Amino acid sequence: MKNAELQIGCQTFTWEMLGTDWGGGPDDLVRAIADGGYTGIEITDTMIGHYALKPTDFAHTLTDAGLTLVSFAFGSASGFTVAEKIASDLDTARRWVDFAANFPGALVSMGSATVVSDGPLDEKFAIAAECYNRATEIGQSAGVVVAIHPSSHHNTLLFTRNDYDRLFALLDPGVGWVPDTGHILRGGQQIGDTLAAHRDRIRYVHLKDVDAGGTWAMLGEGVCDVPAVISAVRDAPNFSGWIVVEEESDHAGTDPAAAVRANRETLRRLGY
């Protein structure tokens, strides 16, 4: 979708990182994100709460708040790298694909492959690729795009540019990608080069910032060149137009709602 019209969404992990200190529910997330000036939401399996079995009710809640479901994100304790868990992981993928199918245009985002057991890395890359490929087939049968979201968190299999290249070479063309600016930078990568190398897979973007040492920073306070990122992805042929802001800095951990409001204001000052 060359030069797609930009839309700005917000990811709920900003609240999820509070762990047991977060006592709210999905309705609180919807209100905070709408009040923050966003028009879209990406929610996770751990934050969907009582709506997990009620997609129609969640759709009504989003409509009332003026929000669109950009994507539903989920991970797995298997890290998508345990052969014996592929069937279970695919059952989970099917569940959330069916959920997302109730929201026109919504994607399903699968978390980063991670190392959770001993064994050769070649095998883990192969298992992850099989899982992502088969989940994408499930999505295609329901008309839902499935994309993967690499991270730089502990035990990730997808940290460096070489890691990205290695996995993507094993993936079917239909498997999408959610590039995350913060994780790319923490992996020592050049964002522009990485985005260009795998531009055909880009479906939407996770936008967040880090300082020069890789510590999470509020958007615009780190080293991420936001205008350059947006300029690059707008030309990607399968980019949906959604920029999803995610915040993991210490400030967000203190007051998530205030942090996401501040990030939206930062984007406005930049002209988005």
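This report describes selected strands, helices and nonpolar cores of a predicted model.

## Annotated region

The UniProt record, an unreviewed entry, lists residues 30-269 under "domain: Xylose isomerase-like TIM barrel". Across residues 30-269, helix accounts for 43% of the chain and strand for 13%. The C-alpha atoms at the two ends of this stretch lie 24 Å apart.

## Strand β3 and its partners

Strand β3 spans residues 68-74, and six of its seven residues are buried. Strand β2 (residues 40-44) runs parallel to β3 and is joined to it by five bridges. Within this pairing, Glu42 has Ser71 of β3 as its bridge partner. Strand β4 (residues 107-110) is also parallel to β3, with four bridges between the two. Here Phe72 is partnered by Val108 of β4.

Each of these pairings belongs to a unit that includes a helix. Helix α3, residues 55-65, forms a right-handed β-α-β unit together with β2 and β3. A right-handed β-α-β unit is likewise made by β3, helix α4 (residues 86-100) and β4. Strand β3 thus takes part in the unit with α3 and in the unit with α4.

## Helix α5

Helix α5 covers residues 121-142, a run of 22 residues. From its first C-alpha to its last it reaches 32 Å, close to the 32 Å expected at 1.5 Å a residue. Just after the helix, Gly143 adopts a positive phi of about 75°.

The buried residues of α5 include Phe125, Ile127, Cys131, Tyr132, Asn133 and Ile138. Lys124 and Thr136 of this helix are buried as well. The elements against which the buried residues of α5 pack are α4, β4, β5 (146-148) and α6 (161-168).

## Nonpolar cores

In soluble globular proteins, nonpolar side chains tend to be buried together. In this model, the largest nonpolar core contains 73 residues. The residues with the most contacts inside this core are Trp15, Ile48, Phe58, Leu69, Tyr132, Leu167 and Ile243. Helix α5 supplies the largest share of the core, eight residues. A second, separate core has seven residues, among them Leu107, Val178, Tyr204 and Val244.

The surroundings of Trp15 can be set out in more detail. When neighbours within four places in sequence are left aside, Trp15 is in contact with Cys10, Trp22, Leu29, Ala32, Ile33 and Met47, and also with Pro256, Ala257 and Val260.

Note on methods:
Residues are numbered from 1 along each chain as its sequence is written. This is a predicted model: local features need pLDDT of at least 70, side-chain atom pairs count only at pLDDT 80 or more; totals for chains, interfaces and linings use all residues. Side-chain values use heavy atoms; hydrogens and water are left out. Buried means under 20% relative accessible area, exposed over 50%, partly exposed in between (1.4 Å probe, protein chains only). Two strands pair if DSSP finds at least two bridges between them. A crossover is right-handed if, with the strands pointing away from the viewer, the path from the first strand over the helix to the second runs clockwise. The expected span of a helix is 1.5 Å times one less than its number of residues. Contact means heavy atoms within 4.5 Å. UniProt positions are given in the numbering used here, feature names are shortened, and annotations may be inferred rather than shown by experiment. A nonpolar core is a set of buried Ala, Val, Leu, Ile, Met, Phe, Trp, Tyr and Cys residues joined through side-chain atoms within 4.5 Å.
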